[in-house]
Amino acid sequence: MTVHPSRAGLGGRRRTDKSGVSPLPELRYPSVPELVASARALAAQGPGLCTLRQVGVSRAGRPLHLLSVGHGRRAVLVVAGAHANEPTGGSTLRVLAERVLADRELRAGTSWHFLLCADPDGASLHVTPAPRSLLDYHLGFYRPTGAEQPEWSPSVLPPDRLPPETRTLTGLIDELRPYLQVTLHGTDLGGSWVQLTKDLPGLAEPFAKSAAELHIPVETGASDAAGWPASGPGVHVMPGPETGAAYPSMPDDARHSTWYHAHRYGGLTAVVEVPMWASDLVDDPAPHPAPAAAMRRLAARLLRDARDVERILAEALPRLNGVDGPLLRAARWALELIPGLAEDWIHTPPAGTTMAYVGSVDAFGRRLPLRAAAMLLRVLREADDRAAPRLEQLVATWCDAFAHRFRARWVPLEHQVEHQSRTVLVAAQQARARAA
């Protein structure tokens, strides 16, 4: 399987800018029903080559759908929607499925399988299909607790308590035995990076080239991959179980996630992250001049911001009359993570701390209390609680400060999708050569 530059676009051969990107038919993130409708139309377009089937149900009874294209013995599994607040993956999955159906070479010896949304319950609660600003994005924000996230739940729950979405995903891996699983993730503000459960040495160069062409910064010091080896800028390889966790307080360890389930069959997983808003402050590989002091400052701000949200929560809680829905549960879970994380930042700064890493931690430190505040705000608005206007002002102030500090610039959706699609295709090519 060879990825031709002339075929690395969004499904057509038209070109509208110097990046070689064709326009998407719309500039909004599709809902799960829209993804299912697109998949059903694609299956009707390619009968015999393309099938759509229900493979499971969510906790709330929503169907989980798998679109399969081709009949090759070797399988690639692409997962979208594992995190409800990372919507680019649905658009990318749709474009990839169209490309694979249209390009016989991509199907040579390979079948492609697309899980349309791993968490449809979460997707129903994150309600920002076309955000114009970070504030728009956060006013509809939802990200569930770790125990309710399909890929992460095995890292925090015993096997007999895993949610049905997780069991569906691991069951698909057992059925398909993919040589490559790709899970499509994203970040609200920052850069692009890849996390690999095994190295793919040929991925880093085309990944960096694609990002540069599309004016997307490469996040060279992603805090999610603190201390991990890198096979190239922004391409991080997860360490083995003998290596301690970068943040000991965090309950979820990637090495216990569904990403490693493919290893049972000789496969690997690539996690492809792409930003909605880009910042050029996350790709500076220069050493930070005073990392310990910087980490102490960021930890102190993290604790201070969390206390602001906790005070409003404590004030409003007696008026909520026992409300305990997913939004409040997730907000409280995010706040509970903060004290331990702040302690980790103070005591375990990685060796060779770069400007990019401190920038990534800075963003993470703004993101966590902001998300908790945004989800709590939705609860308070629903209850018409008198603390809602004050919390809304806090969320708006933090969004403005986040965007200003990182000089946020919107990444056009077609560029988000193009970069993620290119990365998936190159990863599939490199992983197949590795498995040969």
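Partly exposed describes a residue whose relative accessible area lies between the buried range, under 20%, and the exposed range, over 50%. The exercises below apply this to a predicted model.

**Exercise 1.** Determine which residue pairs with Arg 28 in a salt bridge, and how the two partners are classed by accessibility.

*Solution.* Begin with the contact itself: Arg 28 forms a salt bridge with Glu 34, and their closest N and O atoms lie 3.0 Å apart, which is within the 4 Å cut-off. Next, take the accessibilities in turn: Arg 28 has a relative accessible area of 31% and is therefore partly exposed, while Glu 34, at 33%, is partly exposed as well.

**Exercise 2.** Work out which acidic partners Arg 59 has at 3.5 Å and at 3.1 Å, and where in the chain these partners sit.

*Solution.* First, Arg 59 forms a salt bridge with Asp 119, with 3.5 Å between the closest N and O atoms. This pair links distant parts of the chain, 60 residues apart, since Arg 59 lies in the loop between strand 1 and strand 2 and Asp 119 in the loop between strand 4 and helix 3. Second, Glu 165 forms a salt bridge with Arg 59 at 3.1 Å, and here helix 5, which holds Glu 165, is joined to that loop across 106 residues.

Third, salt bridges that share partners join Arg 59, Asp 119, Glu 148, Glu 165 and Arg 329 into one network.

Finally, compare the classes: Arg 59 is partly exposed at 36%, whereas Asp 119 is buried at 0% and Glu 165 is buried at 1%.

Notes:
Residues numbered from 1 in each chain as written. Predicted model: local features only at pLDDT ≥ 70, side-chain atom pairs only at ≥ 80, totals over all residues. Heavy atoms only, no water. Salt bridge = Lys/Arg side-chain N within 4 Å of Asp/Glu carboxyl O. Buried < 20%, exposed > 50% of the residue type's maximum accessible area, 1.4 Å probe, protein only. Helix = DSSP H or I, 4+ residues; strand = E, 2+ residues; numbered from the N terminus.
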